[in-house]
Every structure is written in C-alpha cells, then in structure tokens.
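Here is a short briefing on one protein chain. Please look over the sequence and the fold before reading the points.

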Amino acid sequence: MDVQTATPRRRERPKVVTLTEAAAARVRDILERADKPYVGLRVGVKNGGCAGQEYVVEYAEAAGPLDEVVEDKGVKILIEPKAVLFLLGSEIDYETTRLASKFVFRNPNETDACGCGESVTIQPAAPV
C-alpha cells in the first residue's frame, strides 16, 4: 500500500511592522530622491533618550543575513534582528503638522514615552 504524506501548509507569518499609505508614499519618495540606490529602509531600536529607547530609521544598502524583511505597500523595510520583539505588531505612519513632518510608530509594546516624544520605553513582545 502506497501511503502519501501531505505536507501541512504553513500559515503566513504576520509582518513585524506594517505601514500606512502615507508612510509608504514617503518612503518611496525618499528612496527615489536618494543619492544612490538603496534596497529599502532599516528600522531598529537603540538605547537612549530620557525614556530609555529610541526608534532608528536609516537607509539600507543591503539586507543583513539576519534582518527580518518586510514588504508592505510596495516598500521594503528591513528590521534589525535585535529589534524584532520590540517592534512586533507596530504600525509606521508619516504625519505632517504645522511644526514637523516625521515617521510615527504606533507600537503596542510601548509602555511609556518621554514628554518631548523623542524616546520611549518598550517591553519586548512575548514569544509565542
């Protein structure tokens, strides 16, 4: 008797971060105007500021071997490996007010923020 084993289908992994339409449009604009070609933006978290941590957004020339690569709305975001649990479930938006234009992180893992809005306290998401 020939028994075939079916390979179970894996469910798609949730994206570490998502982008709003405004953020995706701004990233596309930034990358189109860049002085050299980049594969996308690298997003991470570093220690600093009065609340303990700061978000980092910079150009990415290439994906690192351990980077989490997220493609959303035609934009490639590379997440630093050590930042994945801190950013899990976050939405990146781009807001323009009368005084500033900036990327804004809506992060369910944030537990506090400083008064100036430049730094945050983030608890890493619990692994599932």
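The notes below cover fold, overall form, surface, charge and one hairpin.

This is a predicted model. The protein chain has 2 helices and 9 strands. With 128 residues and a radius of gyration of 17 Å, the chain is more spread out than a compact globule.

**Fold and overall form**
- Read from the N terminus, the order of elements is β-α-β-β-β-β-α-β-β-β-β.
- For 128 residues the globule rule gives 14 Å; the radius of gyration is 17 Å, well over that value, so the protein chain is not packed like a compact globule.
- The C-alpha trace spans about 75 × 35 × 25 Å along its principal axes.

**Burial and contacts**
- Buried residues make up 35% of the 128 in the protein chain.
- Among contacts with a separation of 6 or more, 51% link residues 24 or more positions apart.

**Surface and charge**
- The exposed area of the protein chain is about 8,700 Å². Carbon and sulfur atoms contribute 51% of that area.
- There are 17 positive and 20 negative side chains. The centres of these two sets lie 1 Å apart.

**The hairpin of strand 4 and strand 5**
- Strand 4 covers residues 68–72 and strand 5 covers residues 75–79. The two run antiparallel and are joined by 5 bridges.
- Val69 has Leu78 of strand 5 as its bridge partner.
- The hairpin has 2 residues between the strands. Lys73 takes a positive phi there, near 55°.
- In a regular strand, side chains alternate between the two faces of the sheet.

Definitions and conventions: Residues numbered from 1 in each chain as written. Predicted model: local features only at pLDDT ≥ 70, side-chain atom pairs only at ≥ 80, totals over all residues. Heavy atoms only, no water. Helix = DSSP H or I, 4+ residues; strand = E, 2+ residues; numbered from the N terminus. Rg over C-alpha atoms; globule rule 2.2 N^0.38 Å. Buried < 20%, exposed > 50% of the residue type's maximum accessible area, 1.4 Å probe, protein only. Contact = heavy atoms within 4.5 Å. Areas by Shrake-Rupley, 256 points an atom, 1.4 Å probe, with all protein chains shown as cover. Lys, Arg positive; Asp, Glu negative; His and termini not counted. Charge placed at Lys NZ, Arg CZ, Asp CG, Glu CD. Pairing = 2+ DSSP bridges.
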